[in-house]
Amino acid sequence: MKKLPIKKLLLAGGGHAHIGLLRRLRTKRPDHLNIAMISEQSQSLYSGMLPGWMAGHYSLSDISIDVLSLCKQAGVNLIKSAITSVDADAQNVGTADEGHHSYDVLSLNTGADTDLSWLVRAQLPLNQDSFDQMPKADTPNNSVIPIRPLHHFVQAWEDILADARQRNHYQLAIVGAGAAATEIVMAAKVALQAINPNHQVYLICGHDLLSGFDTKFTQRVIKQLERLDIPIIYERAQDYVGGELVIETKSIPINSVIAATGVMGAAWTQSTTLETVDKGFIAVNSVQQSRSHANVFAVGDVASRTDTDMAHSGVHAVHGGAIEADNLMAYLADESLKTYKPRSRTLYLLSCGDKYAIGSWGSYSLQGHWIWYVKRYIDKRFVDSYK
Ligand SMILES: Cc1cc2nc3c(=O)[nH]c(=O)nc-3n(C[C@H](O)[C@H](O)[C@H](O)COP(=O)(O)OP(=O)(O)OC[C@H]3O[C@@H](n4cnc5c(N)ncnc54)[C@H](O)[C@@H]3O)c2cc1C
């Protein structure tokens with residue numbers, strides 16, 4: 001058997017693809033690889049169960065995957081820091097602790113940031129300064145709380161609950177029109193109602209609620225929002241100033257605003273020599289390889305395929321991640337790479353706050369308590385597979 005030279009593989013971020021790769025490396029670890037992972041957190045939170053955690057159905061540990069333990073079992077060195085830059089010409093990754101980490105092959109799976117470009121005050125040129133000026137999750141009152149990064153959001157949500165417990169009337173707004181926004185608004189409503197029936201939660205969804213989903217599915221979701229008495233405001237949010245959420249025709253007094261408004265490139269993509277597209281996503285080809293640097297692979301929300309239209313979603317992070325992991329190993333062994341062909345239809349299970357869920361598969365949809373239990377079974381099986 002041919003002996004391969006020692007190579008440095010650097011895994012940046014603890015997203016779905018990398019935790020899947022760590023699991024695989026526990027039992028099948030190539031000897032010629034020196035592998036390190038950079039991750040700010042030693043726990044990775046599973047977004048699919050986040051609304052269930054908000055609604056009180058799960059504990060934080062139920063929805064967490066222990067990245068540190070996976071790294072130890074896989075013989076991977078965990079560097080606990082945040083990536084701040086990638087100089088792909090010099091093959092070097094910069095981190096928040098002023099570290100510099102060289103690599104032969106780099107894999108990027110850092111996810112993305114919440115797109116806050118709808119905020120009037122964020123309408124600045126997309127550069128590091130504009131990122132720095134964007135509202136941060138750790139200043140809870142009178143600032144917009146982005147749903148991502150999730151580990152910031154979980155702290156902000158605890159702060160919202162603590163604040164709501166002190167008040168007789170609390171108004172929360174969720175801005176967003178996708179599946180995540182609708183799940184979050186229903187989970188938030190269930191949680192706040194349990195504290196005080198006076199508390200109210202609004203969905204500010206602009207003019208394209210659940211675009212991309214079948215109309216029947218959208219109607220089912222609207223019915224559930226109505227059942228939970230959640231006002232749906234079909235206007236675009238523009239700003240949040242002095243406790244008032246400014247929308248197209250008026251402003252509404254709101255105690256806290258959560259943004260689940262889609263994704264934009266992670267902040268570090270402002271400091272990279274890699275080719276990026278759209279709002280700062282790493283441009284990759286059909287094998288999830290950077291279009292500008294062949295020894296860099298990227299998958300999940302951090303990347304955008306340039307050969308096909310592919311939504312940023314957990315499904316693609318998981319399935320694309322498995323192919324990307326194969327390709328990393330193949331590239332390092334000088335073998336041929338595989339294309340990730342996304343399925344035309346994917347199963348979506350949308351939780352409705354109180355142990356009720358709606359399922360969608362292409363143009364088919366169903367709903368019921370039992371779907372929530374199916375979702376719980378699938379989600380728990382996913383998280384438990386890393387234990
Ligand atoms: C509430 C909610 C529910 C959702 N439900 C679904 C669903 O049911 N189905 C579905 O398909 N999609 C769903 N999504 C979308 C899904 O969460 C994302 O598409 C998916 O998580 C992307 O996976 P990823 O591996 O790219 O990154 P992520 O899961 O975001 O993981 C990225 C990791 O990298 C780390 N990281 C980030 N920045 C840095 C940095 N600078 N340095 C080091 N580490 C960093 C993060 O802390 C994180 O651990 C949901 C999203 C939300 C918000």
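1. Let's start with a term: two strands pair if DSSP finds at least two bridges between them. Strands (E, at least two residues) and helices (H or I, at least four) are DSSP runs, numbered from the N terminus. With that in hand, look at Pro146, which stands opposite Ala259 in β18.

2. A word on what you're looking at. This is a predicted model, where local features need pLDDT of at least 70 and side-chain atom pairs count only at pLDDT 80 or more, while totals for chains, interfaces and linings use all residues. Residues are numbered from 1 along each chain as its sequence is written, and side-chain values use heavy atoms, with hydrogens and water left out.

3. Now the parallel sheet. It is open and has 5 strands, in the order β11-β18-β12-β13-β14. The edges belong to β11 (144-146) and β14 (232-233); each has a single partner strand, so one side of each is left without a neighbour in the sheet. Helix α6 (residues 179-195) packs on this sheet and touches β12 (171-175) and β13 (200-204); contact here means heavy atoms within 4.5 Å. The direction of α6 makes about 170° with that of β13. For such angles, axes are lines fitted to C-alpha atoms (for helices, over the stretch in contact), and the values run from 0 to 180 degrees between N-to-C directions. Back at the edge, β11 is joined to β18 (residues 256-259) by 3 bridges.

4. Next, the ligand. Which residues are closest to it? They are His16, Ser47, Ile83, Arg148 and Asp301, out of 25 that surround the ligand; a residue counts as near if one of its heavy atoms lies within 4 Å. By type, this shell has 9 nonpolar, 14 polar and 2 charged residues. Here Ala, Val, Leu, Ile, Met, Phe, Trp, Tyr, Cys and Pro count as nonpolar, Asp, Glu, Lys and Arg as charged, and the others, Gly among them, as polar.

5. Zoom in on some ligand oxygen atoms. A polar side-chain atom of Arg148 is 2.7 Å from one, and a polar backbone atom of Asp301 is also 2.7 Å from an oxygen atom of the ligand. The protein covers 88% of the 1000 Å² of accessible area that the ligand has on its own (Shrake-Rupley method, 1.4 Å probe). The elements giving two or more residues to the shell are α6 and α8 (314-332), and α8 gives the most, with 3 residues.

6. Arg148 turns up again: a cis peptide bond joins Arg148 and Pro149, with omega about -5°. Pro149 sits in the loop between β11 and α5 (150-166). Leu210 is worth a look too, with a positive phi of about 50° although it is not a glycine. Most residues other than glycine have a negative phi, and most peptide bonds are trans.

7. There are hairpins to trace as well. β6 (residues 83-87) and β7 (residues 92-95) run antiparallel, joined by 4 bridges, and Val86 stands opposite Val93. Between these two strands lie 4 residues, and Gln91 in the turn has a positive phi of about 55°. β7 also forms a hairpin with β8, again with 4 residues between them; Glu98 in that turn has a positive phi of about 65°.

8. Finally, 3 strands form an open antiparallel sheet in the order β24-β25-β26. β25 (residues 357-361) and β26 pair over 5 bridges, and Trp361 has Tyr364 of β26 as its bridge partner.

Definitions and conventions: A polar contact is a pair of N or O atoms within 3.5 Å; within protein, one must be able to donate a hydrogen and the other to accept it, and residues adjacent in sequence count only if both atoms are side-chain atoms.
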